[in-house]
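Here are some short exercises on charged side chains, each with a worked solution. Keep the structure open and work along at your own pace.

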Amino acid sequence: KVDYKVNDTRLRLTGKATDYALSLRSAVEGTEIPPANVQVDGKGNIQQFNLSRLRLNALQGKAEMNGVVDWSNAISWRSLLTIDGINTAKQWPEWPVSLNGKVSTKGSLNGGSWQIDVPELNLNGQVKQNRLSATGSLKGNDAGQWVIPGINLALGPNTVEVKGDLANKWVLDADINAPKLTGMLPGLSGVAKGTVKLRGNA
């Protein structure tokens, strides 16, 4: 059985559908989730919602997001996620993870078509005593057209680097050097090494 509690909730909604403001404060706890304080502030109208702040205080740190969602034509969004001092050691001591960084995204959805752009991916931290990092940028769409200036992932001594362009001509390079996967993450084991070179016409 999983129990959840929502405490000290304060919700304020002012204005009208064409011009409104939203403010929410709450505390959440449960048997399988860490205690957290949630804050939401935003303004909107019948065409868009501007999220000025979504803050989650949990796991000895905080995560904040702001952005805009617009549905006046297609559904579009832009957002920035900031992670500061998240640490799972107290909640899950067998798998301590610390995390900091930023992720920015923007995109749109129109019927069956979509596109997404991640101009900034910059996360760093540790899993147990192993350095963790994820950096780079990429963008793509439902037609399979991807542009990857570079994505670099590292966990301990293991690294993955990917860069390329699958928009016009297929030019994709990946370098995998993972000599020690065992124990890096739950259920993960083995070794992976190699390179990938993809060439062709889109």
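The exercises below deal with salt bridges in this predicted model.

**Exercise 1.** Find how many salt bridges the whole structure holds.

*Solution.* A search through the whole structure turns up six salt bridges. The next exercises look at some of them.

**Exercise 2.** Work out which parts of the chain the salt bridge between Arg53 and Asp41 ties together.

*Solution.* Start with the contact: the closest N and O atoms of Arg53 and Asp41 are 3.2 Å apart. This pair counts as a salt bridge because the cut-off is 4 Å. Next, place the partners: Arg53 belongs to strand β4 (residues 48-58) and Asp41 to strand β3 (residues 36-44), so the bridge joins parts twelve residues apart in sequence. Finally, look at the wider setting: Arg25, Asp41 and Arg53 are linked in a network of salt bridges.

**Exercise 3.** Decide whether Asp41 is buried or exposed, and do likewise for Arg53.

*Solution.* Asp41 has a relative accessible area of 17%. Buried means under 20%, so this residue is classed as buried. For Arg53 the value is 26%, and Arg53 is therefore partly exposed, as the range for that class lies between 20% and 50%.

**Exercise 4.** Trace the salt bridges that Glu64 forms with Arg55 and with Lys62.

*Solution.* Take Arg55 to begin with: its side chain meets that of Glu64 at 2.6 Å, N to O. Then turn to Lys62, where the closest N and O atoms of the bridge to Glu64 are 3.7 Å apart. To finish, check accessibility: Glu64 is partly exposed at 22%, and Lys62 is partly exposed at 28%.

Conventions. Residues are numbered from 1 along each chain as its sequence is written. This is a predicted model: local features need pLDDT of at least 70, side-chain atom pairs count only at pLDDT 80 or more; totals for chains, interfaces and linings use all residues. Side-chain values use heavy atoms; hydrogens and water are left out. Helices (H or I, at least four residues) and strands (E, at least two) are DSSP runs, numbered from the N terminus. Buried means under 20% relative accessible area, exposed over 50%, partly exposed in between (1.4 Å probe, protein chains only).
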